[in-house]
Amino acid sequence: MLPVVALVGRPNVGKSTLFNVLTRSRDALVADMPGVTRDRHYGACHLGERPFLVVDTGGLSGVEETMDVLTARQVRLAIDEAQVLVFVVDARDGLLPQDHAILAELRRSGKPIIAAINKTDGLDEQAALAEFAAFGMASTLPISAAHGRGTDELLRAVLPLLPPDEDVAGEVATEDGSIRVAIVGRPNAGKSTLINRLLGEERLIVSDVAGTTRDPIRVALERDGKRYTLIDTAGIRRKARVEEAVEKFSVIKTLQSIAAAQVVVMMIDARENLADQDLTLIGYAIDEGRALVIALNKWDGLDAYQREECLRALDRRLVFVDWARRVHISALHGSGLRELMRAVVRAHASATKELASSDLTRTLEKAYESYQPPLVNGHAPKLRFAHPGGTNPPTIVIHGTRTKHIAPAYQRYLENFFRKRYKLEGTPIRIAFREGENPYAGRKKVLTKEQQHKARRRLSELIKRTR
Ligand SMILES: Nc1nc2c(ncn2[C@@H]2O[C@H](COP(=O)(O)OP(=O)(O)OP(=O)(O)O)[C@@H](O)[C@H]2O)c(=O)[nH]1
Ligand SMILES: Nc1nc2c(ncn2[C@@H]2O[C@H](COP(=O)(O)OP(=O)(O)OP(=O)(O)O)[C@@H](O)[C@H]2O)c(=O)[nH]1
């Protein structure tokens with residue numbers, strides 16, 4: 001499972017800024033729960049050699065009476081869930097009594113703590129550090145989250161503290177050739193019911209009480225000659241009650257399951273409206289490059305009008321994942337499951353499809369010929385070669401000039417072109433542009449068609465050898 005690093009500190013010390021640097025996200029993943037005063041952010045950090053989940057806890061005030069009790073409890077749960085705590089303080093404010101109170105609390109957890117002294121830009125670093133020496137901590141690092149300074153050092157300090165990678169189920173699953181499937185969705189969407197159905201036995205306990213499935217459970221499944229490893233997760237709780245604390249908890253589990261899977265089955269209760277959380281989860285799965293199938297569950301209880309309304313609403317809100325197959329199922333009665341698993345297999349096949357350089361380049365040429373990117377200062381960006389950059393998700397590396405100026409709309413056009421050509425259903429596609437790394441770079445000479453062809457072949461051989 002992805003290890004978890006929690007950012008904790010007073011409000012306004014720069015946790016969100018640091019979070020954005022670590023996750024490189026423009027739009028942080030916000031788990032918005034009704035009745036929760038402060039949102040928490042979750043995101044994956046892929047900067048080091050090992051990815052981890054970052055949780056921006058939203059802040060402890062250190063003064064119990066003045067703060068929302070619920071918020072404090074959620075921060076504590078994040079602390080419980082994390083393997084490493086990054087304690088963020090503000091060098092400009094100096095050391096405040098609240099900082100001491102928060103640190104005392106972090107220490108009670110017994111987890112490794114790194115103190116990040118933020119906003120040291122424009123300050124004398126040594127003087128800033130000296131003040132916080134009173135913490136008596138081994139790992140105290142000056143950073144400037146806003147300027148991205150010191151964050152590499154922070155990563156270097158965090159990585160050795162992460163638990164060893166023990167995603168055994170994941171490895172075994174890869175070895176035995178099974179498809180790792182995460183079944184995610186809000187509480188009561190029917191995740192456990194679906195798994196029980198697929199397995200044909202009451203292996204998991206299903207209950208009407210939201211929140212019966214606490215931990216990710218992995219189960220092997222063989223069906224129609226295909227092998228799967230199913231990952232069931234706790235749903236994201238919505239009840240504004242005592243269990244709310246557990247709600248936040250499970251966001252982490254859900255994200256860990258998505259990270260461990262190859263295909264995500266997003267379960268949506270067709271009797272309920274699509275919630276922002278559903279979209280948030282889909283967005284996270286796409287960001288992580290996971291293949292995706294959308295299962296509209298509880299289709300059994302709907303009349304024709306309700307079905308139509310449901311589909312219309314989905315069409316409107318899920319345009320950004322129009323490549324993901326939607327399957328209507330009834331986990332309870334077992335209908336639609338064959339189609340669901342077929343969609344999973346197809347999505348997995350697309351996500352892991354091997355694409356050939358020569359063919360990719362030909363497709364790129366076709367795409368470029370039929371529609372060219374708009375001119376930049378009177379020059380058209382040139383796209384010359386394409387080669388595969390990896391699978392799950394399929395990644396296509398395109399070499400050319402002025403690629404920095406290619407608009408997102410054109411990138412989407414290319415994505416769609418490649419998607420159609422290779423029939424990539426159910427998986428996101430990544431396109432990466434590279435400047436000046438092609439064999440023509442620096443050459444003035446205009447090559448003939450035949451020379452171009454030769455050079456392209458040489459390039460693809462080179463790529464094959466270096467991969
Ligand atoms: N000078 C300077 N300002 C910073 C730095 N990091 C963050 N800030 C500023 O500090 C303010 C608070 O930053 P946030 O990232 O929102 O702080 P936070 O801890 O997430 O705050 P809460 O969301 O209230 O808990 C913003 O105005 C940031 O621009 C830094 O490295 N240097
Ligand atoms: N009518 C109908 N009810 C269903 C269907 N699938 C599940 N349910 C019911 O929905 C309720 C919740 O199902 P669960 O499988 O426990 O849902 P879950 O997503 O695992 O829920 P959590 O454990 O809270 O995360 C149960 O009462 C199920 O019987 C379905 O296809 N049709």
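Biologist: What makes the shell around ligand 1 divide into 4 nonpolar, 10 polar and 3 charged residues?

Modeller: The division follows from residue type, because Ala, Val, Leu, Ile, Met, Phe, Trp, Tyr, Cys and Pro count as nonpolar, Asp, Glu, Lys and Arg as charged, and the others, Gly among them, as polar. The model is a predicted one, in which local features need pLDDT of at least 70 and side-chain atom pairs pLDDT 80 or more, while totals for chains, interfaces and linings use all residues. Residues are numbered from 1 along each chain as its sequence is written, and chains are lettered from A and ligands numbered from 1 in the order in which they are written.

Biologist: Why is Asn416 called partly exposed?

Modeller: A residue is buried if 20 or more other C-beta atoms, placed from the backbone, lie within 10 Å of its own, exposed if 12 or fewer, and partly exposed in between. Asn416 has 15 such atoms within 10 Å, and is therefore partly exposed.

Biologist: How do you know that strand E5 is mostly covered?

Modeller: Strands (E, at least two residues) and helices (H or I, at least four) are DSSP runs, numbered from the N terminus. In E5 (residues 84-90), 6 of its 7 residues are buried.

Biologist: What makes E5 and strand E6 a pair?

Modeller: Two strands pair if DSSP finds at least two bridges between them. E5 and E6 (residues 113-118) have 6 bridges, in the parallel sense, and therefore pair. Asp90, for instance, has Asn118 in E6 as its bridge partner.
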